[in-house]
Amino acid sequence: MRRYPLQWTPALLLLAACQSDVLAPKAPSAAPLGSARSVGMNVPALGPSIIDAPISYAVAPMLTALEAAVPRRFGNIEHRIAVPANARQAFAFSATRSPFVIGFDGTRVTLSTDVSYEGRAWYNPPLAPTVSASCGVDGRRPRLHLVFATDLQVSEDWVLRGATRLRSLRAKTDDDVDQCRVTLLKINVTDRVVDALRPQLQRRLSTVDRRIAGFDLRGRVERWYNLLNKSIRVRDSLWLRIAPEDVRLGGLHLDDTALVADIRLYARPVLITGARPADITTSLPPLKQAARAVGDSSHLLLEGRLGYDAASTVVAAQLVGRSMSRFGRRITVRDARFDPLNDGRVVLALQVDGAVSGKAYFVGTPTVDTTSGVLSVPDLDFDVQTADALVQGLAWLKKGDLVAELRRRAKIPLQPILDETRTRVEDALNRDLAEGVRLSGVVRSGRVIDVTADPQFLVVRAEAIGSLGLGIDRELKIRRKR
């Protein structure tokens, strides 16, 4: 054994203190996808979100189409019409209707209008010249009130069908100003005008139904349905896709100047980090009736995908620069990174220097505290390779407080991220998806549900409550027959 002079002892102790043990274990390997170790790593399917989205259509375009189905003018004041019950009587009329006023009751649409007219009556008495009388020609014209009623249905293949009937055609009021009676000639011109108008209007009913069925409802709905499949930018490298998959119809009603369809969407919204995902297009599913009342509230189950680079940045901010001492030895963390092991666990790789230099690997299963919304790895511990590398000279490192300190600090607070994301998602939900299609939404509250270590992402799931609506204010396309 070599002996050193006593005066060298302080120098040797100082040299020993400055020396750094090297730690270089083999990094833990991730399980190959599809292998026995990775079985069960597919993230369980998230239940569908329920989105009650009232969709409004401006009724003005619909009225324009229906207005064209029924003439604004009827009759000819110069054209005599014989009275079937009396060959000596005849009459003529000219009528003009006002624009339709639309009403709605359940699934029944009413189109009402006032018809003002002028009338003339003739009587050819025996052995005497023909006499005539008129009303509304030189003064105020009497009025009729006309009401069409249309029962609307939307078929499973998204065809809007109407069954229209003439519900009412009568004098506007019982006042003399709305009656046209020629007492001297014993002719009630009002009744004659009603009798003459009724068959003309009846012939127009099928035209009204064709106009209603001519609205390309399927094409219109399919268009906005796939607008919800587009990736909506929440912020840089964060995208929202609502991803609808099923549709229910709760009912139809009129709100001011809009026809509102109460739609319930079943969707699987997802938050995606990284480059903008490619847009997808899906076929509109068959329409079904909602089993219960549909409102405007939305229960969103959001699935956020936090990339491991982003997670590593957050963890590094908690650990890099931190020093830990034990038995007079100190190490400092210089780098930290999260990576998946493809079996539900993650590996935390630490680059350290000081009394020990090199890399140490720790593994554990991430979990989330649903109350605080903090992601942590409570079972984080030395990887087998790292533990084996801690030979007698480095045993102090394993006995130290390093693991406890890592468990305490290797956390990702998700609630602030969720709150910020909720605000950004709400901003993203209020925008024009296309010309004439406005998406509007409010996200009132949210909470983290769980987290899973997917091979590509930390999949964070959250629940949010809010409301969502689609406003459509452009004319529906009308099918043109060849």
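Which residue stands opposite S94 in β5? The residue is G75. This report on a predicted model starts from that strand and moves outward.

**Strand β5 and its partners**

β5 spans residues 86-97. The strand is mostly covered: nine of its twelve residues are buried. Three strands that pair with β5 are tabulated here, each with one facing pair of residues.

| Partner of β5 | Bridges and sense | One facing pair |
|---|---|---|
| β3 (residues 73-75) | three bridges, antiparallel | G75 and S94 |
| β4 (residues 81-83) | three bridges, antiparallel | I81 and F91 |
| β7 (residues 108-123) | nine bridges, antiparallel | A95 and Y117 |

The link from β4 to β5 is a hairpin, with two residues joining the strands.

Beyond the end of β5 comes a loop that leads to β6 (101-105). S98 sits in this loop. Is S98 buried or partly exposed? Its relative accessible area is 26%, so S98 counts as partly exposed. Leaving aside neighbours within four places in sequence, S98 contacts R72, T113 and D114. S98 and R73 are 25 residues apart along the chain, and their C-alpha atoms are separated by 9.5 Å. R73 falls in the range of β3 (residues 73-75). T113 and D114 fall in the range of β7 (residues 108-123).

**The nonpolar cores**

The largest nonpolar core has 80 residues. Which residues have the most contacts inside it? They are F148, L197, L201 and W224. Helix α3 (residues 189-202) gives the largest share of this core, six residues.

F148 has a long contact list, not counting residues up to four places away in sequence. It touches V70, F100, V109, T110 and L111. It also touches T164, R165, L166 and R167. L201 and L205 complete the list. F148 belongs to β9 (143-154) by its number, and the stretch from T164 to R167 falls within β10 (160-171).

Another core lies apart from this one. It has 43 residues, among them V315, L375, V451 and A462.

**Helix α6**

V315 leads to helix α6, where it is one of the buried residues. α6 covers residues 308-319, twelve in number. From first C-alpha to last, the helix reaches 16 Å, close to the 16 Å expected at 1.5 Å a residue. Which residues of α6 are buried? They are Y308, A311, S312, V315, A316 and L319. Seen down the axis of α6, these buried residues fall within an arc of 135°, so they line one face of the helix. The face turned away from that buried side carries T313 and A317, both exposed. Just after α6, G321 takes a positive phi of about 95°.

**Sheet and hairpin toward the end of the numbering**

L375, named above in the core of 43 residues, lies within β25 (residues 374-376). β25 is the middle strand of an open sheet of three, in the order β24-β25-β27. The pairing is antiparallel. The edge strands are β24 (367-369) and β27 (412-413), each of which pairs on one side only. Three bridges join β24 to β25. In this pairing T367 stands opposite S376.

V451, also named in that core, lies within β29 (residues 437-453). β28 (residues 431-434) pairs with β29 in the antiparallel sense over three bridges. The bridge partner of R431 is L439 in β29. The hairpin of β28 and β29 has two residues between the strands, and G436 takes a positive phi near 85° there.

**Positive phi outside glycine**

Two loop residues other than glycine also take positive phi. W158 has a phi of about 70°. W158 lies in the loop between β9 (143-154) and β10 (160-171). Is W158 buried or exposed? At 3% relative accessibility, W158 counts as buried.

N342 has a phi near 65°. N342 lies in the loop between β21 (329-340) and β22 (346-354). With a relative accessible area of 10%, N342 is buried too.

Conventions:
Residues are numbered from 1 along each chain as its sequence is written. This is a predicted model: local features need pLDDT of at least 70, side-chain atom pairs count only at pLDDT 80 or more; totals for chains, interfaces and linings use all residues. Side-chain values use heavy atoms; hydrogens and water are left out. Helices (H or I, at least four residues) and strands (E, at least two) are DSSP runs, numbered from the N terminus. The expected span of a helix is 1.5 Å times one less than its number of residues. Buried means under 20% relative accessible area, exposed over 50%, partly exposed in between (1.4 Å probe, protein chains only). The arc is that of the directions from the helix axis to the C-beta atoms. Two strands pair if DSSP finds at least two bridges between them. A nonpolar core is a set of buried Ala, Val, Leu, Ile, Met, Phe, Trp, Tyr and Cys residues joined through side-chain atoms within 4.5 Å. Contact means heavy atoms within 4.5 Å.
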